[in-house]
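Biologist: Please take a close look at the empty space inside this model, that is, its cavities and its largest pocket. Which residues and elements form the linings?

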Amino acid sequence: MTITAGDTTSTSFTVECQAVADGKIAFSSNRDGDTEVFLMNTDGSSPTKLTDNTAADFAGPISPDGTKVAFTSDRGGSTTHLYVMDADGANVQQLTAAGAQVVPTDIASWSPDGSELAFVDSRSGNNEIYTIGADGSGEQRLTNNSARDAFPHWSPDGSKIVYASNTDGDYEIYTMNPDGTGRQQLTSDSYNNATPRWSPDGSTIVFDSNRSGNQLLYTMNPDGTGVQQLTNDPATDAYPSWSPDGSELAFTSYRDGNGEIYKINADGSGIPTNLTANGAGDLIPYWSPVE
């Protein structure tokens, strides 16, 4: 706009507000009879349902800026696709194209800049890791073997993707470059090591493992050294997710007889807190990267 000296003018503009999932945890729950996507506060209060239909909708991660929530759904019929929606459940967009068969429980991950998502798809006959643009463009297959590759998670600097694979008969944890090259193995034992997640500062990887007899939470250095056990319960603890400051972890636990979302200090200290505490199945938390 140009204004001549001494003159006055007027203008108008439109302000649009967009919901941001700050201080929230996304999770899946069947509390209304079928699986839907929910958001709750990090103390478990104010659970809000984002999806509401007869399809199975499984929560995925919240975008780095907190404005989008990824999820998987079979609302299109016999196939399961990857979707994104606004943090209030509006503006649902399907990302994957015809023929996709996205695996809901194998977890997805946003790239640090929010431009891509990594996900797991079984269209080839076994689970493989793919990436796709946040607008649905540029899909690429990163793994291609007879093993099951699962649980991808981008490092905070975007240089690596950590994931699990049963190449050697049980699940071990690996890293690779974002284009699928440079595979490196971090764990090597006879146990199932799964659902790895980088800490927000990139210094630690949390994962679950049955090396103690049942699936529990552990941490290790990014090179696989320094393994430490965090939880110790006869039931399964799995699917960990870091708080934005790296001080806490949300996770799925069956210590109450059904799936619930708990949180614990990231060093394993203190008593785990049940955030969901109901008779439904509450599963696979994704802590918002925005506080």
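Modeller: What follows covers the cavities, then the largest pocket.

This is a predicted model, in which local features need pLDDT of at least 70 and side-chain atom pairs count only at pLDDT 80 or more, while totals for chains, interfaces and linings use all residues. Residues are numbered from 1 along each chain as its sequence is written, and side-chain values use heavy atoms, with hydrogens and water left out.

A cavity is a set of points, on a 1 Å grid over the protein atoms alone, where a 1.4 Å probe fits but cannot get out; a pocket is an open set with protein on both sides within 12 Å along at least five of seven lines; lining residues have an atom within 4 Å of a point. Grid points are joined across faces, edges and corners, and a volume is the space filled by probe spheres set on the points. Strands are DSSP runs of E with at least two residues, numbered from the N terminus. For residue classes, Ala, Val, Leu, Ile, Met, Phe, Trp, Tyr, Cys and Pro count as nonpolar, Asp, Glu, Lys and Arg as charged, and the others, Gly among them, as polar.

There are two cavities of 30 Å³ or more. The largest cavity holds about 70 Å³. Its lining has 16 residues, and those nearest the centre are Thr72, Val103, Pro104, Ile107 and Ala108. By class, 13 of the lining residues are nonpolar, two polar and one charged. At least two residues each come from β4 (57–62), β5 (68–73) and β9 (116–121), and β4 gives the largest share, with four.

The second largest cavity has a volume of about 30 Å³. Ile107 belongs to its lining too, together with Arg197, Tyr239, Pro240, Ser241, Ile284, Pro285 and Tyr286. Two or more of these lining residues come from each of β20 (237–242) and β24 (282–287). The classes here are six nonpolar, one polar and one charged.

The largest pocket encloses about 530 Å³. It is lined by 24 residues, with His153, Trp154, Trp198, Trp287 and Pro289 closest to its centre. Strands that each supply at least two lining residues are β4, β8 (109–110), β12 (149–154), β16 (193–198), β20 and β24. Of the pocket's lining residues, 15 are nonpolar, eight polar and one charged. Thus β4 contributes to the linings of both the largest cavity and the largest pocket, and β20 and β24 to those of the second largest cavity and the largest pocket.
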